[in-house]
Amino acid sequence: MPTHVPVFIATTLLLAMLPGASQALMIRQVLEGGQRTLRGTLAGNASGFLLWSTAAAAGLSAVLLASPTAYAVLRIAGGVVLMILGVKTLRTALTTASTRPPHEGGRTGFAGGYLTGLITNLGNPKAGVFAISVLPQFVTAEGPVFLSTVALGALWALVSASWYMLLTWAVGRGRALVSRPTVLRGLSVTTGVVLLGLGAAVAAGV
């Protein structure tokens with residue numbers, strides 16, 4: 001195994017563990033979306049990493065980041081999605097969280113969760129910056145560069161998905177505590193505020 005792979009795994013794991021839009025989104029889906037929506041979100045988020053790495057391998061992300069207009073459109077779209085999710089989460093917390101616990105079954109479903117996860121990932125400029133500036137540093141000169149970059153992207157997606165699965169499992173295990181009206185309301189409000197703040201920050205380019 002190339003010596004750069006363990007370092008790459010550690011780097012992507014630390015990045016996944018940092019609080020951000022994806023973590024807030026995953027927690028939101030656990031509380032409100034149900035398992036099908038959560039699985040779709042995980043898959044969509046992982047697909048975003050694959051797309052970013054493939055774009056980096058093809059040189060497209062460099063073009064995107066070099067185009068102020070394209071970059072701004074992508075960034076603002078991602079920020080708007082996060083803010084919409086934040087508003088929905090706050091509305092649910094203030095109108096229903098105090099009267100009933102979160103339910104399984106998912107109002108959105110796998111496809112809706114997948115699209116949400118994908119858009120959130122692609123709308124995160126930090127993922128693009130990592131793909132174009134950091135990921136290539138782990139590609140060795142041995143072997144085809146394009147395939148090596150895509151392979152690292154697949155590993156990036158796998159590591160991130162593994163962390164989010166662990167995170168959502170932990171949140172799910174605490175469902176009995178979360179189901180208490182006061183705890184659920186507080187967690188939902190916090191998640192909604194975080195999503196709104198992150199969305200505004202992403203849209204503003206902060």
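Here are a few short exercises, with worked solutions, on the predicted model shown above.

**Exercise 1. The overall fold**

Task: Work out how many helices and strands the protein has, and in which pattern they follow one another.

Solution: Start with the secondary structure, which comes to 10 helices and zero strands. Next, walk along the sequence, and the pattern reads α-α-α-α-α-α-α-α-α-α. Then turn to contacts between residues at least 6 apart in sequence: 85% of these join residues at least 24 apart.

**Exercise 2. Inside and outside**

Task: Find what share of the residues is buried, and what the exposed surface consists of.

Solution: Begin with burial; of the 206 residues, 42% count as buried. Now take the surface, where the protein exposes about 10100 Å². Carbon and sulfur atoms supply 72% of that area.

**Exercise 3. Leu14 and its patch**

Task: Decide whether Leu14 is buried or exposed, and say which residues share a surface patch with Leu14.

Solution: First locate Leu14, which sits in helix 1, spanning residues 4-17. Its relative accessibility is 56%, so Leu14 counts as exposed, given that the cut-off for exposed is over 50%. Finally, look at the company Leu14 keeps: together with Leu13 and Met17, Leu14 forms a nonpolar patch on the surface. The accessible area of the three together is about 260 Å².

**Exercise 4. Thr116 and its contacts**

Task: Classify Thr116 as buried or exposed, then list its contacts beyond neighbours within four places in sequence.

Solution: Thr116 belongs to helix 6, residues 109-122. Its relative accessibility is 18%, and buried means under 20%. Thr116 therefore counts as buried. Leaving aside neighbours within four places in sequence, Thr116 is in contact with Leu25, Gln29 and Leu85.

**Exercise 5. An annotation and the model**

Task: Find where UniProt places the feature "transmembrane region", and describe the chain over residues 145-171.

Solution: According to the unreviewed UniProt entry, the feature lies at residues 48-66, 73-94, 145-171 and 183-204. Now examine residues 145-171 in the model: the chain there is 100% helix and 0% strand. The C-alpha atoms at the two ends of this stretch are 39 Å apart.

**Exercise 6. Val189 and Arg91**

Task: Place Val189 in the structure, and find how far apart Val189 and Arg91 are in sequence and in space.

Solution: Val189 is part of helix 10, which covers residues 181-204. With a relative accessible area of 26%, Val189 is partly exposed. Along the sequence, Val189 and Arg91 are 98 residues apart. In space, their C-alpha atoms are 8.8 Å apart.

Conventions: Residues numbered from 1 in each chain as written. Predicted model: local features only at pLDDT ≥ 70, side-chain atom pairs only at ≥ 80, totals over all residues. Heavy atoms only, no water. Patch = residues over 30% accessible without salt bridge, like charges linked within 9 Å, V, L, I, M, F, W, Y side chains within 5 Å. Areas by Shrake-Rupley, 256 points an atom, 1.4 Å probe, with all protein chains shown as cover. Salt bridge = Lys/Arg side-chain N within 4 Å of Asp/Glu carboxyl O. Helix = DSSP H or I, 4+ residues; strand = E, 2+ residues; numbered from the N terminus. Buried < 20%, exposed > 50% of the residue type's maximum accessible area, 1.4 Å probe, protein only. Contact = heavy atoms within 4.5 Å. UniProt positions renumbered as here; feature names shortened; annotations may be inferred.
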